[in-house]
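Here is my note on the model, set out as numbered points. Please read it with the structure open.

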Amino acid sequence: MGSKYTKRYTEEFKRDAIALVDSSGKTVTAVARELGISSESLRGWYRWAKADRGEGGSGELTSAEREELKRLRKEVREQQQTIEILKKATAFFVKENDR
């Protein structure tokens, strides 16, 4: 089967791995190999940590900004659903009143 298993790491593990890259002078790839994790994962965590410290590239979102974006997208989805329901209800009542 083609199901892809993604291992979840604790925030503490991620912080420790990032600190190891910062303090060891080793590359992300070398640290990832030592920890037995994918270098893509560690590179992503490292990029996020830099963004949270204000050291990310332009356009990089902080964790707080990513959380807010997720919350706002959910809110917009819920509001769009409410609008659709109200449109249907309005159309229904207009038809009822025309009888």
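**Notes on the predicted model**

1. Overall make-up. The protein chain has four helices and zero strands. Read from the N terminus, the order of elements is α-α-α-α. Keep in mind that this is a predicted model.

2. Burial and surface. The protein chain has 99 residues, and 15% of them count as buried. Its accessible surface is about 8,300 Å². Carbon and sulfur atoms make up 53% of that surface. Among contacts with a separation of 6 or more, 33% join residues 24 or more positions apart.

3. The annotated span. UniProt, in an unreviewed entry, places a "coiled-coil region" at residues 62-89. Such an annotation may be inferred rather than shown by experiment. In the model, residues 62-89 are 96% helix and 0% strand. The C-alpha atoms at the two ends of this span are 41 Å apart.

4. The nonpolar core. Which residues make up the largest nonpolar core? There are eleven: Ala17, Ile18, Val21, Val28, Val31, Ala32, Ile37, Leu42, Trp45, Tyr46 and Ala49. Helices α1 (11-24), α2 (28-35) and α3 each give two or more residues to this core. Helix α3 gives the most, with four residues. As a general background, nonpolar side chains tend to be buried together in soluble globular proteins.

5. Ser39. This residue belongs to helix α3, which covers residues 39-52. Is Ser39 buried or exposed? Ser39 counts as buried because its relative accessibility is 16%, and the cut-off for buried is under 20%. Beyond its neighbours within four places in sequence, Ser39 is in contact with Val28, Thr29 and Ala32.

6. Ala32. The contact with Ser39 shows up again from this side. Leaving aside neighbours within four places in sequence, Ala32 is in contact with Ile37, Ser38, Ser39 and Leu42. Ala32, Ile37 and Leu42 are among the residues of the largest nonpolar core.

7. Lys14. This lysine is in helix α1. Lys14 has a relative accessibility of 18%, so it counts as buried. Which residues does Lys14 touch, not counting those up to four places away in sequence? They are Tyr9 and Trp45. Trp45 is also one of the residues in the largest nonpolar core.

8. Aromatic pairs. The structure holds four aromatic pairs. One of them is Tyr9 with Phe13, which is stacked: the centres are 5.0 Å apart, with 15 degrees between the planes. In the pair of Phe92 and Phe93, the ring centres lie 5.4 Å apart and the planes are at 70 degrees, so this pair is edge-to-face. The cut-off for edge-to-face is over 60 degrees.

9. Exposure of these rings. Tyr9 has a relative accessible area of 23% and is partly exposed. Phe13 is partly exposed too, at 26% relative accessibility. Phe92 is partly exposed, with a relative accessible area of 46%.

10. Cluster and charge. Tyr9, Phe13 and Trp45 form one aromatic cluster. Lys14 touches two members of it, Tyr9 and Trp45. Elsewhere, the ring of Trp48 has a charge over it. What sits there is the charged end of Arg66, 4.1 Å from the ring centre. Arg66 falls within residues 62-89, the span that UniProt marks as a "coiled-coil region".

Methods: Residues numbered from 1 in each chain as written. Predicted model: local features only at pLDDT ≥ 70, side-chain atom pairs only at ≥ 80, totals over all residues. Heavy atoms only, no water. Buried < 20%, exposed > 50% of the residue type's maximum accessible area, 1.4 Å probe, protein only. Contact = heavy atoms within 4.5 Å. Areas by Shrake-Rupley, 256 points an atom, 1.4 Å probe, with all protein chains shown as cover. Core = buried A, V, L, I, M, F, W, Y, C linked by side-chain atoms within 4.5 Å. Phe/Tyr/Trp six-rings, centres within 6.5 Å; stacked < 30°, edge-to-face > 60°. Lys NZ or Arg CZ within 6 Å of the ring centre and 35° of its normal.
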